[in-house]
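Colleague: I am new to this structure. Please give me a close look at one part of it, and set that part within the whole.

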Amino acid sequence: DYKQFVNECLKRYGTGAEEISLVKIDPNTISITSDVMDQLQALAIERSGEELSAQVRVSSGSQYGIYILQIKEEGISAFKVTLIHRGSKGEEIPFELSRESKGTRRLLELLPMFFDFASIPLNGEGFGRSRGREQVYVVDELDMSFHSALTAKLIEDCVACCSADTRTQLIFSTQDLVILDSDVLRHDEIWFCERDGEDTSSLSCLGNHPGIRGDSDVLKNYL
């Protein structure tokens, strides 16, 4: 259940929010082109009998919103995402996402990928075991708007859910050096992208660098 997954992650990663709230709205009020809506509807008809869902982010100036779409053959239902916080007396306080931090927004944007990447969290101990789907996800600047500790925890949870049978892969770029000071990723899983004087870029694998051993202080050597 995606909602349960999000609620677990909101607490696990210290967002300050208690849970997600979904408010049903008219899908025509979301700033999505009719072409996109038509394509989603056509997909539902093509996959007759399946209930499809999609998460959509709408951002323009100071306006920001995330919407969950449930897509069926007979039509599309839309839900606006808000987060519930607790006041000093335990009362529920709904927050529009425009009032949340950029880090919390970024986490919500990535959670559908992590939900698809893994199963429901088990007793707060990470994501659980991978569902065994064959997927490849590519994320530019995974660490954007994140604290280094959160970036490291997300990577750790992803790796922890993998097994010998996992066929799902996450490829991401980052400028956060914290992963060099972690034992979560193997040296052959870390690649450096360097630009030369002619504005061309080259990739090199950490595992192929001379002098790098399993017990090397990679962060110190890099700096």
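**Charges, fold and a close look at one strand residue**

Modeller: Start with the charges. The protein chain carries 23 positive side chains and 37 negative ones. The centres of these two sets are 5 Å apart. (Lys and Arg are positive, Asp and Glu negative; His and the chain ends are left out; charges sit at NZ of Lys, CZ of Arg, CG of Asp or CD of Glu.)

A word on the model. It is predicted, so local features need pLDDT of at least 70 and side-chain atom pairs pLDDT 80 or more, while totals for chains, interfaces and linings use all residues. Residues are numbered from 1 along each chain as its sequence is written, and side-chain values use heavy atoms, without hydrogens or water.

Now the whole chain. It holds five helices and nine strands (DSSP runs, H or I of at least four residues and E of at least two, numbered from the N terminus). Their order from the N terminus is α-β-α-β-β-β-β-α-β-α-β-β-β-α. Along the principal axes, the C-alpha atoms fill a box of roughly 60 × 50 × 40 Å. The chain has 223 residues, and 39% of them count as buried (under 20% relative accessible area; exposed is over 50%, partly exposed in between, with a 1.4 Å probe and protein chains only). About 13,700 Å² of the protein chain is exposed, and carbon and sulfur atoms supply 45% of that area (Shrake-Rupley method, 1.4 Å probe). Take the contacts (heavy atoms within 4.5 Å) between residues at least 6 apart in sequence. In this set, 60% join residues at least 24 apart.

The part I pick is L83. Strand β4, residues 75–86, contains L83. L83 counts as buried because its relative accessibility is 0%. What does L83 touch, beyond neighbours within four places in sequence? One group of partners is L10, A17, E19 and I20. A further group is I93, P94, F95, L97 and E100. T104 and L108 complete the list. Look at P94 again. It is eleven residues from L83 in sequence, and the two C-alpha atoms are 5.7 Å apart in space.

Follow the contact to T104. This residue is in helix α3, residues 102–117. T104 counts as buried because its relative accessibility is 6%. Its contacts, again leaving aside neighbours within four places, are T15 and L83.

Next, the spaces in the model. The largest pocket has a volume of about 1,100 Å³. Its lining has 32 residues, and those nearest its centre are F172, L185, E189, I190 and W191. Four elements give two or more residues to this lining: β6 (136–139), α4 (148–160), β7 (169–172) and β8 (191–195). A search of the whole structure finds one cavity of 30 Å³ or more. The largest cavity has a volume of about 40 Å³. Its lining consists of A152, I155, I179, S182, V184 and L185. (On a 1 Å grid over protein atoms alone, a 1.4 Å probe fits in a cavity but cannot get out; a pocket is open, with protein on both sides within 12 Å along at least five of seven lines; lining residues have an atom within 4 Å of a point. Points join across faces, edges and corners, and probe spheres on them fill the volume.)

Last, two loop residues. Most residues other than glycine have a negative phi. E141 is not a glycine, yet its phi is positive, about 55 degrees. It lies in the loop between β6 and α4. E141 counts as partly exposed because its relative accessibility is 32%. D199 also is not a glycine, and its phi is positive, near 60 degrees. D199 sits in the loop between β8 and β9 (201–205). At 61% relative accessible area, D199 is exposed.
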